[in-house]
Amino acid sequence: MTSQAKKYHMKENNLFKKIVSNPHTLFWLLACSILTGLTLPVLLKDGMFMDAVLYTSVSHNLSMGIGNFWFPQFSLHNVADLPAFHEQPPLVFGIQSVFFRLLGGSLYVERVYTFLTMCVSALLIVLLWRAVFVKENNLKKAGWLPVILWITIPVCFWSYSNNMHENTMGIFTLSSALITYKTFHKERFQIILIIFSGILIFLATFSKGIPGFFPLTLPFLYWLITKKISFKKMFVQTLILVFIPILIYVILFQFPESKESLSAYFFKRALHRINEVPTVDSRFYILYRIFTELLPQMIVVLIFLLIARIKKIKNHVSEHLRESIFFIAVGLSASVPLMLTLVQKGFYFVPALPFFAIGLSILIGPIISNFIEKIKSNTIKYKVLLFLVFLLFAGTCTFALMQKGKFSRNEDMLHDIYLMGSVIPQRSIAGIPGELWNDWSLQCYMMRYFNISMDCTIKYDYAILDKSIKPTDKMDNYKKVEINTLIYDLYRRQQ
């Protein structure tokens, strides 16, 4: 071995020892274990939430040239009998279609995409945490803390176990928040950074619509709560953040294709759903969901605060209290406006959760830092804990891999769909009775895996009936296909 090779080898060993001896390594490994353990076992199984399969089908179709960016297609009838699929703005479909073009049509493509959005979001949370504690090295290293509090929120890891649009929107809102927050403490390049932040807000709205506008509130809330920026700076930044996305939309509305697409989404679907398709009975439902989803995290914070008080550990809460309140207020600005409508679902406020997690983590960061110092001083105890957490990480990864080929939901339905999809030609149409029209999981899976559309007219070569539905006289020329289905019966028209 040459002297240069020895130096490189020694440098590599020193780096490894430095990483292993760093007490934060233990908690980073724990964070990775929790991230993978709560999402990967589900992602590797077949079956997804119906909305997730619906969105995936549209992206998959787009990758195969079915529809285009402004007018994507789900199936023969799409939704609400519109000529194109306008349930959401088109950006996420366009991004995911690139993944399908690059990686193929496997069911794991959307899983890779979803897992990647979680990893990017976790990284952005860490970067935002570091921006908060840029001058406090011990706390700066504890970026794993908000990540753990974030991913353990039930609706959060549920969303990242499904291909929800909020996952992508959250990347843009977090990126915008990170850049805007950095401008609060910078004098140079402020205008350029704020313009870029405004573009990211546009991308958030282009992913999920109006909810993506909430990062506009950051300058106002930071000025109001922390008093660390001037009114003038707050006003100018807010003005730019508002102006940029509006300018981009004004430009898009000058082109017929984008104007027609965005108008169909906003006027024919978004406003229609808000006015005529409520999902809850009370406007306060969202507050109840926020409280119940964050209850475990709030209990953890209260326990640590109580321990700190009993053991008389200096918490320095007063030094960071305003920052904590600011991030919690940002989370509320991203979720409470949902009360304006009766169209509310728990996963709608997933992009707000990183800000709640950071705000709560700030309250106990100094306490956690104190515990880490104690762990660091006990070398044997630290090594044992590190070994146990490493085993936990290896165990979660092994367990996740063992789930491949299993089902997370709709096992019997998917059993039938694979059998029927092997008989019905791809890119064809199957007839179903009116009673099955609202069986959206059936429609979504058939489209996602086999590009087979459904129509409420029994006039095609194949028809699908629920086993509880008896064939009518109109199906005299259809014969049942003898396959071992569990829920549905497949019929073939006789020539």
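The following dialogue concerns the two largest pockets of a predicted model.

Modeller: Local features in this predicted model need pLDDT of at least 70 and side-chain atom pairs count only at pLDDT 80 or more, while totals for chains, interfaces and linings use all residues. Residues are numbered from 1 along each chain as its sequence is written, and side-chain values use heavy atoms, without hydrogens and water.

Biologist: What makes a space a pocket and not a cavity?

Modeller: On a 1 Å grid over the protein atoms alone, a cavity is a set of points where a 1.4 Å probe fits but cannot get out, whereas a pocket is an open set with protein on both sides within 12 Å along at least five of seven lines. The largest pocket holds about 610 Å³ of space, and the second largest holds about 440 Å³; a volume is the space filled by probe spheres set on the points, which are joined across faces, edges and corners.

Biologist: Why are residues such as Lys 208 and Ile 274 said to line the largest pocket?

Modeller: Lining residues have an atom within 4 Å of a point. The largest pocket has 23 of them, with Lys 208, Ile 210, Pro 211, Ile 274 and Leu 338 nearest its centre. Helix H13 (256-276) is among the elements that supply at least two, and H13 gives the most, five residues.

Biologist: Which residues lie nearest the centre of the second largest pocket?

Modeller: They are Met 50, Val 79, Glu 87, Arg 269 and Arg 273, from a lining of 21 residues. H3 provides the largest share of that lining, four residues.
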